[in-house]
Amino acid sequence: MILVYADHDRGVIEPLTFQALTFARDIDPDVHAVLIGGSSAGLNASTAAAELGEYGAQVVHIAGLSDYSDYAPLAAARALVTLLGSTGAQALIAASSPRGNEVLAHVAAITDRPFVADCYSIAIGAPHKIVRARWAGNLHEEVDVDAEAADVLIATVFPHITEATTAPAAGAITEFTAAVSQDDLAVQVINRVGASTGGVTLPEAKVIVSGGRGMGGPDGFGILESIAAALGGTVGCTRVVTSAGWRPHSEQVGQTGTKVAPDLYLACGISGATQHLAGCKNSKTLVAINTDPDATIMNHADYIIVGDVNQVLPMVLQEIQDAKS
Amino acid sequence: MEIAVCVKRVPLVGSTFMLTDDAMAIDTSRIGATLSPHEENAVEAAVRLIEVHGGSITLFSVGSAQAEEQLREQLAIGADRAVLIETEGTEIDSQATAAVLAQAIDQDATDFDLVLLGTESADSGGYQTGIRIAHALGRPVVTNVKGLDITDNKATCERAVGAIREVYEVQLPAVISVLDGLNIPRYPSVPGRIKARKKPVDRLSITIPEPTTIRTSLRVPQSADKGAINLGSGQQGAKALVEVFKQIGVM
Ligand SMILES: Cc1cc2nc3c(=O)[nH]c(=O)nc-3n(C[C@H](O)[C@H](O)[C@H](O)COP(=O)(O)OP(=O)(O)OC[C@H]3O[C@@H](n4cnc5c(N)ncnc54)[C@H](O)[C@@H]3O)c2cc1C
C-alpha cells in the first residue's frame, strides 16, 4: 500500500495532490490518502474524502488533531509517522509543493530515513530505482536508494509530469489519533497578510509579457506593462532584473522564481539561461524578441523577432491597439 | 546574535549542461562556480541582522577545497569566519550533508541563536537539509522564508503563497531556510575583499556517513529544437506577431 499525503489549505486540497495520487496508482493500485486536521482546520472530511476517492484513494485517513487549527508542518509529520507505524505502507508520497516537501522532509528526519524529492519515476525494490530532477528539471538523475534505510520510501513527485486522471475508488474515511505535543505546534501559520491586489498573479496568468536585461532598466518595463494590460496578462522578468532591483521578486520567472505555463510567454531581451527556461519552457506558445539571433531563447521559441525591443515593442503595442479599435 | 549560515558552491551553468564522459557529473572544466542563490540571500539576511543586533556570522560549507572561493566572497560581504568540511570532490547525499553540518554546528565553540540556509540547493534540490539540521540540533525550523524580522529573540517569518503571505513566528534558537527574493544581496566592496583575506577559513574533518542514495547516472533531457518561425522585423514583424496573438486566442 502507498500512502499519499494530501496537503490542504484550510480545506482546499492542493491540486498537485491529484497528480501525486495518479502517479502513486501506477506504482501500486492500493493507494490510501491522508489528511491532517479536522473541522477546526477548515476541513470538511466527507467532501475532501470524496475528492480524493475520485482520484483513486481506497481509504482516506484523517487525523483530527484538536489544536491543529492551521497548517503546522511538524505536527502533520508526527501524525504521518504514527500512521506509517500502524498501516505498514511501503511508501509515503506527496506532491513536490512547498508543503509536500516540507512535511515529508520532517517525517524523514524524525524516522532517519532518506527523502527523495522531485521524482519522475519510482520503481520500488532493492534498491529502489528512481529518476529525479536536479537543477529544477534541467538534469535528470538516476539514483539507487538503499532499501534497508528506506524500508518505507519517502518521496515527492515532480509537478506536471503526470496528468491527474480520475479512477473512482471508495475513499472510505478512517479516523486516527496521533500524539502531537505543543512543541510540534510551535511552528504554525498564525496569520495571512497582503490580500491580493486584484491583478492576475504569475501562476494563473494566461499571458505573461516578460523582460530581461535587454529592457535596459526599470523604465523599459513601462511598455511591457502596457502590452500585458492590453492582452489581459501580467509582467514577468529574469533574475538579472530582480537582482538589479528593477522589478519585485514576485515577478521573477525561473528556477528560483515562479514556474509558469501560460498560453503566451513573450520574452523580451531575455537570453534564455537554463535557470530561466526552467520556469517558462512549458508555455503553450513562446515568442522571443532579441537583437541576437543566436541567443539560446531563440531555439526554445515558437516565434521570434530579431530586433531591438525599444523599436519593436512600441510597434507591437500600436498594432494591438489598431487591431482592437 | 550569533548566526551560522550554511552555504554550497555550485557550478555556474549557462545555456547548456555539459556532462563528463561517464555521465556522473557536470563537466566543470570550462565553467565557473557560484554560491547557490538562496544562500546568497541567507548571508545577506545574516549581515543585516548583525548590523541591527550585533554579534557575528560563521559560514559552514561541505564541499571541495575550491569552495573556499565562495566562502571568501561571503566573508567579504560581512561574515566573520568560515568552516569548511572538505569532501574529496564527490558530492554526498542530502542526509549525509545535513548530518555533517549539524555536527559541525553543534561542536563549534559558538552557541548559535540562528542557523540560516537556503530551502533547497540549486543543484540537488533536496528540500531537506535545513529540516534535518533542525531535528539533529533539537530546534524549530521554518522553511521557504521570504520575509524575516527578529525582535526580542522571536523571528517573524513570511512565506509567499500565491498573492498572499503566510506568517509564522518562532522563538530562537531556531533554524530558518530562506528563498531568493528575501532581499537583494549586496556585492562585496573592495575594503570588504581586503578584510576577507585575513578572515579565518578553518578546515574541519568529520566522518561522512555512508550514503543511502547513490547516483548511477545523469542525463540532459532532450528538448526539441522548436524550429522557431521568424516573424520578420520592424512593422512587418509587429503585424505578424499580432496575427499570432489572434491565432492562439490571446486577443
Ligand atoms: C542557480 C541559479 C538559479 C537561477 N535562477 C534564475 C531564475 O529563477 N530566473 C532567471 O531568470 N534567472 C535565474 N538565474 C540567472 C540566469 O542564469 C541568467 O543569469 C539570467 O536568467 C539572465 O537574465 P537575462 O536574460 O535578463 O540577461 P542576459 O543573459 O544578460 O540576456 C540579455 C539578453 O537581452 C538581449 N538584448 C540586449 N539588448 C537588447 C535590446 N535592446 N533588444 C532586444 N534584446 C536585447 C541580449 O541579446 C541578451 O540575449 C539563476 C542562476 C543560477 C546560477
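**Note on the two-chain model: cavities, strands and backbone details**

1. B:Asn144 counts as buried, with a relative accessibility of 10%. The cut-off for buried is under 20%. The residue is found in strand S7 of chain B. Its backbone deserves a look too. B:Asn144 is not a glycine, yet its phi is positive, at about 55 degrees. Keep in mind throughout that this is a predicted model.

2. B:Asn144 also lines a cavity. How many cavities of 30 Å³ or more does the structure hold? There are two. The largest cavity encloses about 80 Å³ of space. Chain A lends A:Pro98, A:Asn101 and A:Glu102 to its lining. From chain B come B:Thr119, B:Tyr127, B:Gln128, B:Thr129, B:Gly130, B:Ile131, B:Thr143, B:Asn144 and B:Ser177. Three elements give two or more residues each: helix H4 (98–111) of chain A, and helix H4 (129–137) and strand S7 (141–145) of chain B. By class, the lining has eight polar, three nonpolar and one charged residues.

3. The second largest cavity has a volume of about 60 Å³. Its lining is made up of A:Tyr5, A:His8, A:Asp9, A:Arg10, A:Ala41, A:Tyr68, A:Ser69, A:Asp70, A:Tyr71 and A:Arg99. Here the classes divide into four nonpolar, two polar and four charged. On method in general, rolling a probe the size of a water molecule over the atoms shows where empty space is left.

4. Next, strand S6 (residues 91–95) of chain A. Why is this strand largely enclosed by the rest of the structure? Five of its five residues are buried, so the surroundings largely enclose it. In a regular strand the side chains alternate between the two faces of the sheet. Both faces of S6(A) are covered. A:Ala91, A:Ile93 and A:Ala95 lie on one side, A:Leu92 and A:Ala94 on the other, and all are buried.

5. S6(A) has these strand partners. Strand S1 (residues 2–5) of chain A runs parallel to S6(A) and is joined to it by three bridges. A:Leu3 has A:Leu92 as its bridge partner in S6(A). Strand S10 (residues 153–157) of chain A also pairs with S6(A) in the parallel sense, over five bridges. There, A:Ile93 is matched with A:Ala155 in S10(A).

6. Nonpolar cores come next. In soluble globular proteins, nonpolar side chains tend to be buried together. In this model the largest nonpolar core has 99 residues. Which of them touch the most other members? They are A:Tyr5, A:Ile36, A:Tyr68, B:Val5, B:Leu116 and B:Ile133. Another core, of 34 residues, lies apart from it and includes A:Tyr55, A:Ile62, A:Ile93 and A:Val145. A:Ile93 has already appeared, as a buried residue of S6(A). A:Tyr5 and A:Tyr68 also line the second largest cavity.

7. One open sheet takes strands from chain A and chain B. Its four strands have the order S12(A)-S10(B)-S9(B)-S8(B), with antiparallel pairing. Strand S12 (191–193) of chain A and strand S8 (147–151) of chain B stand at the edges. Each has a single partner strand, so one side of each is left without a neighbour in the sheet. From one strand to the next, the twist averages 25 degrees. Within the sheet, strand S9 (residues 154–161) of chain B runs antiparallel to strand S10 (residues 164–171) of chain B, joined by eight bridges. B:Tyr168 in S10(B) stands opposite B:Cys157.

8. Two cis peptide bonds should be checked in the viewer. One runs from A:Ala126 to A:Pro127, with omega near 0 degrees. A:Pro127 sits in the loop between strand S7 (116–123) and strand S8 (128–134) of chain A. The other joins B:Leu172 and B:Pro173, with omega about 0 degrees. B:Pro173 belongs to the loop between S10 and strand S11 (174–178) of chain B.

9. Two further loop residues of chain B close the list. B:Ala23 has a positive phi of about 55 degrees, although it is not a glycine. B:Ala23 lies in the loop between strand S2 (9–11) and strand S3 (33–35) of chain B. Is B:Thr207 buried or exposed? B:Thr207 is exposed, with a relative accessible area of 71%. Its place is in the loop between strand S12 (201–204) and strand S13 (213–219) of chain B. The C-alpha atoms of B:Thr207 and B:Ala99 are separated by 9.9 Å, while the two residues are 108 apart along the chain.

Definitions and conventions
Residues are numbered from 1 along each chain as its sequence is written. Chains are lettered from A and ligands numbered from 1 in the order in which they are written. This is a predicted model: local features need pLDDT of at least 70, side-chain atom pairs count only at pLDDT 80 or more; totals for chains, interfaces and linings use all residues. Side-chain values use heavy atoms; hydrogens and water are left out. On a 1 Å grid over the protein atoms alone, a cavity is a set of points where a 1.4 Å probe fits but cannot get out, and a pocket is an open set with protein on both sides within 12 Å along at least five of seven lines; lining residues have an atom within 4 Å of a point. Grid points are joined across faces, edges and corners, and a volume is the space filled by probe spheres set on the points. Ala, Val, Leu, Ile, Met, Phe, Trp, Tyr, Cys and Pro count as nonpolar, Asp, Glu, Lys and Arg as charged, and the others, Gly among them, as polar. Buried means under 20% relative accessible area, exposed over 50%, partly exposed in between (1.4 Å probe, protein chains only). Two strands pair if DSSP finds at least two bridges between them. A nonpolar core is a set of buried Ala, Val, Leu, Ile, Met, Phe, Trp, Tyr and Cys residues joined through side-chain atoms within 4.5 Å. Axes are lines fitted to C-alpha atoms, for helices over the stretch in contact, and angles run from 0 to 180 degrees between N-to-C directions.
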